[in-house]
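Please read the following points with the model open beside you, taking them in order. Each point asks you to look at one place and to compare it with what is written.

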Amino acid sequence: MGDIVDHEEEFLSLRLAILNNSSCCDQRNINKIKKRKRRELEFIDTWDLNESCEGKIFSLLELRESMLKIDVKKKGGVVEDGKGLHLIHSLLISALSINENSIDLAVDNLRELYQNISLKGDSVQRVAAYFADGLIARLLTRKSPFYDMIMKPPTQEEEFLAFTEFYKVSPFYQFAHFTANQAILESFEKELEYNNGLLHVIDFDISYGFQWPSLIQSLSENATTSNRISLRITGYGKTIDELRETETRLVSFAKCFRNLSFEFQGVLSRYKLSNLTKRKNETLAVNMIFHLNSLSTYSKISETLKEVHDLCPSIVTIVEQEGCKIPQTFMPRFMESLHYFAAMFDSLDDCLPIDSIKRLSIEKNHLGKEIKNMLNYDHKEGVNNNIYSSSRYEQMETWKGRMESHGFLGIPLSCKNIMQAKLLLKIRSHSNSTIQLDGGNGGFRVLEIEDPKAISLAWQDRSIVTASAWHCVL
């Protein structure tokens with residue numbers, strides 16, 4: 001209800017602005033209105049805008065307001081398959097029209113979309129709603145207040161709650177974390193003869209520390225009171241508060257294991273690896289879960305890999321979303337994003353009921369946010385100045401070439417690791433799901449990749465995330 005009230009207040013302001021524009025006849029008031037409109041309603045520079053164009057944008061925003069209040073149950077629920085395909089077709093035409101600056105065609109298709117989509121509909125309607133929002137934002141400049149309204153990010157509390165719920169109900173993050181942890185654990189065990197029971201993990205994105213309790217527990221199972229294991233985690237985070245909360249959470253958990261010594265060092269993301277020290281004989285693991293694709297340029301990716309290589313770690317674990325090779329141009333990025341997020345939204349049918357409040361939170365504050373950012377990270381003012389930064393997904397074969405060119409060689413993931421991933425899907429399966437361990441076309445699947453020997457989590461026939469391990473060779 002709070003979201004609906006917020007949107008109603010925003011559109012009330014919009015209507016009042018329109019009303020004032022039409023009712024003022026005094027020249028001085030007209031001049032004031034013109035200044036305000038120049039200040040608040042700047043659209044794409046290449047378009048010659050007139051009153052008709054502004055009216056169409058206002059109309060779209062009002063249709064969006066209506067969409068936000070739709071009760072799908074009253075409209076008849078899930079759309080038919082043919083209708084879903086029609087929605088996807090309208091999205092594609094809208095995106096192509098915006099890319100070619102054909103505003104009339106874009107607006108017409110977006111108008112039709114907003115009359116047939118809903119944030120509470122089936123998975124196709126829901127994903128189409130967030131893509132439609134991203135496309136409308138692309139029609140606006142950042143100086144428009146309506147751009148900020150559409151692109152408004154969730155609060156830290158909303159983002160944390162959505163991440164937590166997604167972590168609990170979907171195998172997406174657990175697959176990434178458990179697979180990386182098993183590879184790190186096996187690398188540590190191979191060096192037990194000379195590492196003195198010391199393991200140091202450098203985590204490039206600590207992400208609330210959710211990954212590490214399972215590793216702490218696994219290490220404790222191999223330790224004794226006379227042969228204690230020491231785990232040191234250096235975690236990079238966005239804010240001091242995030243790092244402090246993560247440290248409190250992990251230290252509290254580690255205290256339950258008396259045969260394990262635990263130390264956490266939080267580092268703000270802007271600091272480089274050159275400030276870190278490696279202790280004698282310790283097994284050093286570098287963990288990069290959804291990190292490299294979050295970097296804004298290929299030069300930053302290269303710089304990061306060079307810094308990691310200089311540390312000569314025993315293992316580097318990488319988990320990244322599977323995506324397009326060529327993210328620089330809009331239409332290839334749009335197409336790849338649509339395929340990827342359609343699979344992600346569809347997979348939530350396997351995890352939560354369609355009317356779940358938790359599902360709405362995940363879609364709005366986690367997946368939906370990423371969709372809108374993905375479509376607008378290069379938006380007009382330039383990538384480097386874009387506060388709405390976004391990941392740029394690539395395929396495993398691209399990462400393979402990049403890692404090898406920086407002096408890394410793939411470490412085959414063990415049979416134990418692969419079986420663990422398949423077991424995770426069995427444990428996480430729900431009564432309405434069809435789990436496929438390999439082959440087939442249903443539900444979540446684990447796919448094995450031969451070169452390098454890595455594994456992917458897939459939804460039906462679409463790989464959505466791939467885990468791999470590497471070590472230095474040069």
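Is Glu 165 buried or exposed?

1. This is a predicted model, and the question above is a good place to begin. Glu 165 has a relative accessible area of 10%, and because buried means under 20%, Glu 165 counts as buried. Its side chain forms a salt bridge with Lys 358, in which the closest N and O atoms are 3.9 Å apart. Since Glu 165 belongs to helix α9 and Lys 358 to helix α15, this pair ties together parts that are 193 residues apart in sequence. Lys 358, with a relative accessibility of 44%, counts as partly exposed.

2. Another salt bridge should be considered together with that pair, namely the one that Glu 159 forms with Lys 369, where the closest N and O atoms are 2.5 Å apart. Here again a residue of helix α9, Glu 159, is paired with a residue of helix α15 (residues 357–376), Lys 369, so the bridge ties together parts lying 210 residues apart in sequence. Glu 159 has a relative accessibility of 25% and therefore counts as partly exposed.

3. A search of the whole structure finds twelve salt bridges, and the one between the side chains of Asp 133 and Arg 64, at 2.7 Å from N to O, deserves its own inspection. It links distant parts of the chain, given that Asp 133 lies in helix α7 (residues 123–139) and Arg 64 in helix α3 (residues 51–68), 69 residues apart. Both Asp 133 and Arg 64 are buried. Please look as well at Arg 126, Asp 349, Arg 359 and Glu 363, which are linked in a network of salt bridges.

4. On the surface, Glu 157, Glu 158, Asp 241 and Glu 245 form a negative patch. The elements giving two or more residues to this patch are α9 (156–169) and α12 (240–254). Glu 245, which lies in helix α12, has a relative accessibility of 46% and so counts as partly exposed.

5. Finally, helix α6 (residues 103–114) can be checked for its length, since its twelve residues reach 16 Å from the first C-alpha to the last, which is close to the 16 Å expected at 1.5 Å a residue. Which residues of α6 are buried? They are Ile 103, Ala 106, Val 107, Asn 109, Leu 110, Leu 113 and Tyr 114.

Conventions
Residues are numbered from 1 along each chain as its sequence is written. This is a predicted model: local features need pLDDT of at least 70, side-chain atom pairs count only at pLDDT 80 or more; totals for chains, interfaces and linings use all residues. Side-chain values use heavy atoms; hydrogens and water are left out. Patches are made of residues with over 30% relative accessible area and no salt bridge: like charges are joined within 9 Å, nonpolar side chains (Val, Leu, Ile, Met, Phe, Trp, Tyr) within 5 Å. Accessible areas come from the Shrake-Rupley method with a 1.4 Å probe; for residues, only the protein chains shown count as cover. A salt bridge is a side-chain nitrogen of Lys or Arg within 4 Å of a carboxyl oxygen of Asp or Glu. Lys and Arg count as positive and Asp and Glu as negative; His and the chain ends are not counted. The place of a charge is taken as NZ of Lys, CZ of Arg, CG of Asp or CD of Glu. Helices (H or I, at least four residues) and strands (E, at least two) are DSSP runs, numbered from the N terminus. Buried means under 20% relative accessible area, exposed over 50%, partly exposed in between (1.4 Å probe, protein chains only). The expected span of a helix is 1.5 Å times one less than its number of residues.
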